[in-house]
Amino acid sequence: MKYGLPYKGSKSSIAKWVVDTLPSSETFVDLFAGGCAVTHAAILSGKWKTFIANDISGSTMLFRDAIAGEYENLSTVLTRNEFFASNDLMLKLLYSFGNDSRSYLWGGYYEKAKIPASKMLSAPSVHERRMYYKEFIKVMCEYIGNVMADKQDDRTANMKNVESLQRLERLQELQGLQRLERLEAMMADYRNVNLPANATIYADPPYRNTGEHYGGFDFDAFDNWLMTVDHPVYVSEFDAPKGCVCIAERERFEHMSAYTTGKKTERIFVQERFAEEVKSENLNS
Ligand SMILES: C[S@@+](CC[C@H](N)C(=O)[O-])C[C@H]1O[C@@H](n2cnc3c(N)ncnc32)[C@H](O)[C@@H]1O
C-alpha cells in the first residue's frame, strides 16, 4: 500500500513499520509531515484518537484537502511552460521530477509522448481525447522507428508509465479517509507546534549529508531543541542526532535511479534521557 501524497523523501515504504514501532497515546504529532505518509499510516492504525500533521511547506493542507475530496475532478495535465508558470502546490508536486516541486517531470523526449498520452486519458470531451490519441499515435510511430534502429534504447522502459496519472490516482484514493475531523493540518516551524501532554511525537526532518536541505535546515538547532524539549521525540534518521539513542532499525531498498536499487538502514532514535521510560512503555503496551 502507498501512504500519503507523492512526495520527495516520503516514508511511504516504511510508514507502517514506523507506526508499529511507536507507542500509542491520545494524539499523534508528525512534526515534519511532508506528504503525510506516516500520519496516513497512523490514522489507519487505530492507535491514536487525534492527529496533528505539521510541515513548514504547507504540504499538510494538500493532504487534508485530498481527504476532503478536493482533487476528485482534477485532470489538469501541465506542460513544461505551464509547470514553471504555476504557483499551485499540488500541481507542482504531481508534475515534478522526484516530487521535488522544482524540476519538470519529463525530459523533452518523453514530454512529446506523455503529454498527449495523459490528455487522451483525461480530457473532458471525446473529441479532445480523440485528438490527443492521434497526436500520441504520431509520436509513437516516430518513436517505434527509432527503437527499431536502436534496440538497446533504455527509453522503452520509461515509455511504459504515465506517472502523473498514477500520482493523481493515489491522491484521489485518499478521499474519504476516516477521521478527517480529528486531523489538524499545520504549516509552521517544528518549534512552534504546541505539543499536547499525552502525545506521541514523531520527527522526520531533512536527512543530514544527503543534499536534501530544504532551504538550509539548521541541524544544530534541531539537536539543541531535542535536548531541551520536555517530550520524548521519535526521530527518523540514518545517524544518531546528538544525545539520542537508537530504539529500532530496519533495512530498506531504495531506487537510486530508474534501473538500480541500493540498501539503506532506517533507524528511529529517541533522546537518551527518555530511553528507559520508552523501553518500559513498550514493554507494557
Ligand atoms: C524528509 S521530509 C519528510 C517526509 C515525510 N515524513 C513523508 O513521509 O512524506 C522533511 C520535511 O521537513 C520539512 N521541513 C524543513 N524544515 C522544517 C521546519 N523548520 N519545520 C517544519 N518542517 C520543516 C520539509 O518541508 C520536508 O517536507
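Biologist: Let's start at the ligand: of the 23 residues around it, which come nearest?

Modeller: Bear in mind that this is a predicted model. There are 23 residues around the ligand in it. The ones that come nearest are Tyr 7, Lys 11, Asp 55, Asp 189 and Asp 204.

Biologist: Which residue puts a polar side-chain atom by a nitrogen atom of the ligand, and at what distance?

Modeller: Asp 55 is not the one here, as its side-chain N or O atom sits 2.7 Å from an oxygen atom of the ligand. Gly 35 brings a backbone N or O atom, again to a ligand oxygen, at 2.9 Å. For the ligand nitrogen, the polar side-chain atom belongs to Asp 204, at 2.6 Å.

Biologist: Zooming out, what share of the chain is buried?

Modeller: The chain has 11 helices and seven strands. Take contacts between residues at least 6 apart in sequence: 68% of those join residues at least 24 apart. Across the 285 residues, the buried share is 50%.

Biologist: How many residues does the largest nonpolar core have?

Modeller: In general, nonpolar side chains in soluble globular proteins tend to be buried together. In this chain, the residues with the most contacts inside the largest core are Leu 5, Phe 63 and Leu 171. Leu 5 touches both Phe 63 and Leu 171, and its other contacts include Gly 35, Met 90 and Leu 174. The size of that core is 51 residues.

Biologist: And which element gives the most to this core?

Modeller: Among the elements that give two or more residues to the largest nonpolar core are H1 (15–21), H3 (59–67), H9 (163–173) and S7 (261–271). The top contribution is five residues, and it comes from H2.

Biologist: How many residues are in the other core, the one that lies apart?

Modeller: Its members include Ile 52, Ala 199, Val 229 and Phe 269. The count for this other core is 22 residues.

Biologist: Why is H2 largely enclosed by the rest of the structure, and how many of its residues are buried?

Modeller: The buried ones are Ala 37, Val 38, Thr 39, His 40, Ala 41, Ala 42 and Ile 43. Their cover includes H1, S1, S2, H3, strand S3 (183–186) and S4. H2 is largely enclosed because of how many of its nine residues are buried: seven.

Biologist: Take Thr 39 in that helix: what is its relative accessible area?

Modeller: Thr 39 is found in H2, residues 37–45. Beyond four places in sequence, it touches Phe 28, Asp 30, Ala 33, Ala 53, Phe 63 and Leu 183. Thr 39 counts as buried, and its relative accessible area is 0%.

Biologist: Which residue follows H2, and what is its phi?

Modeller: The residue after the helix is Gly 46. Its phi is positive, near 75 degrees.

Biologist: Now strand S4: why is it largely enclosed, and how many of its residues are buried?

Modeller: In a regular strand the side chains alternate between the two faces of the sheet. In S4, Ala 199, Ile 201 and Ala 203 are on one side, with Thr 200 and Tyr 202 on the other, and both faces are covered. S4 is largely enclosed because the buried count, out of its five residues, is five.

Biologist: What is the bridge partner of Tyr 202 in S5?

Modeller: S1 (residues 27–30) runs parallel to S4 and is joined to it by four bridges; there, Asp 30 stands opposite Tyr 202. S5 (residues 233–237) also pairs with S4 in the parallel sense, over three bridges. In S5, the partner of Tyr 202 is Tyr 234.

Biologist: Is Asp 65 buried or exposed?

Modeller: Asp 65 sits in helix H3. Leaving aside neighbours within four places in sequence, it contacts Glu 70 and Tyr 71. Its relative accessible area is 17%, and the limit for burial is under 20%. So Asp 65 is buried.

Biologist: Which residue caps the N-terminal end of H10?

Modeller: H10 covers residues 219–228, and its buried residues include Phe 219, Phe 222 and Trp 225. The backbone nitrogen of Asp 220 has a side-chain oxygen 3.2 Å away. That oxygen belongs to the capping residue, Asp 218.

Biologist: Last one: how many disulfides are there?

Modeller: Cys 141 is exposed, at 51% relative accessible area. Cys 246 counts as partly exposed, at 37%. With a cut-off of 2.5 Å between cysteine sulfur atoms, the disulfide count is zero.

Methods
Residues are numbered from 1 along each chain as its sequence is written. This is a predicted model: local features need pLDDT of at least 70, side-chain atom pairs count only at pLDDT 80 or more; totals for chains, interfaces and linings use all residues. Side-chain values use heavy atoms; hydrogens and water are left out. Buried means under 20% relative accessible area, exposed over 50%, partly exposed in between (1.4 Å probe, protein chains only). Contact means heavy atoms within 4.5 Å. Two strands pair if DSSP finds at least two bridges between them. A nonpolar core is a set of buried Ala, Val, Leu, Ile, Met, Phe, Trp, Tyr and Cys residues joined through side-chain atoms within 4.5 Å. A residue is near a molecule or strand if one of its heavy atoms lies within 4 Å of it. A polar contact is a pair of N or O atoms within 3.5 Å; within protein, one must be able to donate a hydrogen and the other to accept it, and residues adjacent in sequence count only if both atoms are side-chain atoms.
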